[in-house]
Amino acid sequence: MSEVSIAAGEVELAGELTMPERMRGVVMLLGCGESRRFSPRSVATAKRFQDAGFGTLLIDFVTPAEDAADRNGQGSKFDLEKLSGRAVAATEWLQRVAQSAGCGVGYFAMGRATPVALRAAAHHPDHVSAVVCAGGRPDLAMETLPKIRAATLLIVGALDRRSAESHRRALAYLRCERHLESIAGASQRFAERGALEQVAELATSWLLVHVPAFATALA
């Protein structure tokens, strides 16, 4: 595990890169909102990916200064265009790491990071093999969804009816391999007992199928 700094326009993004031996792929966990890189939810999900043989990059797309300004009502840290641009820069950096290791790249995003991940995947359709988004508003990336080529899994809590409708609309716009999974008894943040673990298991299974296939295709 190593701390990394990635240049993204006018800012440096702080991240945590873990590269296990015999790595079969690299997953970038996009952090913003409640899913920051040091949050227990992000750390636990990254550990599940690592146990399956993936390298992980946990990265925050909002700087500490921006986070403080937003808390004080002086900023807008969820500027999708800005954050998606940073995600693209991080993807280009991670792609170089993945190519040197001979493996592909996947995304995992939750909540407010969902449209950021989808927009970034659309920007570089050949650089990302799989995308998993849990919760959030995928419809905020609606105009970019048809450009995504990565196999995309959307996960929603069955009790989160508003988000479920957003996910169904987004699914109809995707032209790649895609699937919508609903977790019974789960709400918007998957805070119920066992819900986050189900998200991690579904995500891991999807990534195991799709990320290695992309790496083979690049060989």
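Start with the sheet. In this predicted model, eight strands form an open sheet: 8 strands, in the order β1-β2-β4-β3-β5-β6-β7-β8. The pairing is mixed. At the edges sit β1, residues 2–8, and β8, residues 178–183, and each of these pairs on one side only. From one strand to the next, the twist averages 20 degrees.

Strands in a sheet pair through backbone hydrogen bonds, and the sense can be parallel or antiparallel. Both senses turn up here. Take β1 and β2. They run antiparallel, over 7 bridges. One of the bridge partners is E12 in β2, matched with A7. The hairpin has 2 residues between the strands, and in it G9 takes a positive phi near 65 degrees.

Now the parallel case. Strand β3, residues 25–31, is joined to β4, residues 54–60, by 7 bridges. G31 has D60 in β4 as its bridge partner.

What lies across this part of the sheet? Helix α1, residues 40–51. It lies across β2, β3, β4 and β5, with β2 at 11–18 and β5 at 105–110. Against β4, α1 runs at about 160 degrees.

Back to A7 for a moment. A7 belongs to strand β1. Its relative accessible area is 48%, so A7 counts as partly exposed. Setting aside neighbours within four places in sequence, A7 is in contact with E12 and A89. So far we have met E12 as the bridge partner of A7. There is also W93: 86 residues apart from A7 along the chain, with a C-alpha separation of 8.8 Å.

Next, a charged residue. R86 sits in helix α3, residues 80–101. Buried or exposed? R86 is buried, because its relative accessibility is 3% and the cut-off for buried is under 20%. What surrounds R86? Again leaving out neighbours within four places in sequence, its contacts are A8, E10, V11, L13, F61, V62, T63 and E66. Note the two glutamates in that list, E10 and E66.

Keep an eye on the helices. Why call α4 largely enclosed by the rest of the structure? Because 8 of the 10 residues of α4, which spans 114–123, are buried. The buried ones are T114, P115, V116, A117, L118, A120, A121 and A122.

Now a backbone detail. Most residues other than glycine have a negative phi. F190 goes the other way: its phi is near 55 degrees, a positive value in a residue other than glycine. Where is F190? In the loop between β8 and α6, with α6 at 195–218. And F190 is buried, as its relative accessible area is 2%.

Last, the largest pocket. Its volume is about 360 Å³. How many residues line it? The lining has 18 residues. Nearest the centre of the pocket lie G111, R112, G136, R137 and Q188. By type, the lining divides into 7 nonpolar, 4 polar and 7 charged.

To recap. We have an open sheet of 8 strands with mixed pairing. Helix α1 lies across four of the strands we named: β2, β3, β4 and β5. R86 in α3 is buried, and so is F190 in its loop. Helix α4 is largely enclosed. And the largest pocket has G111, R112, G136, R137 and Q188 nearest its centre.

Methods: Residues numbered from 1 in each chain as written. Predicted model: local features only at pLDDT ≥ 70, side-chain atom pairs only at ≥ 80, totals over all residues. Heavy atoms only, no water. 1 Å grid on protein atoms, 1.4 Å probe; cavity = no way out; pocket = protein on both sides within 12 Å on 5 of 7 lines; lining within 4 Å. Points joined across faces, edges and corners; volume = space filled by probe spheres on them. Nonpolar A, V, L, I, M, F, W, Y, C, P; charged D, E, K, R; others polar. Buried < 20%, exposed > 50% of the residue type's maximum accessible area, 1.4 Å probe, protein only. Contact = heavy atoms within 4.5 Å. Pairing = 2+ DSSP bridges. Axes fitted to C-alpha atoms, helices over the stretch in contact; angles between N-to-C directions.
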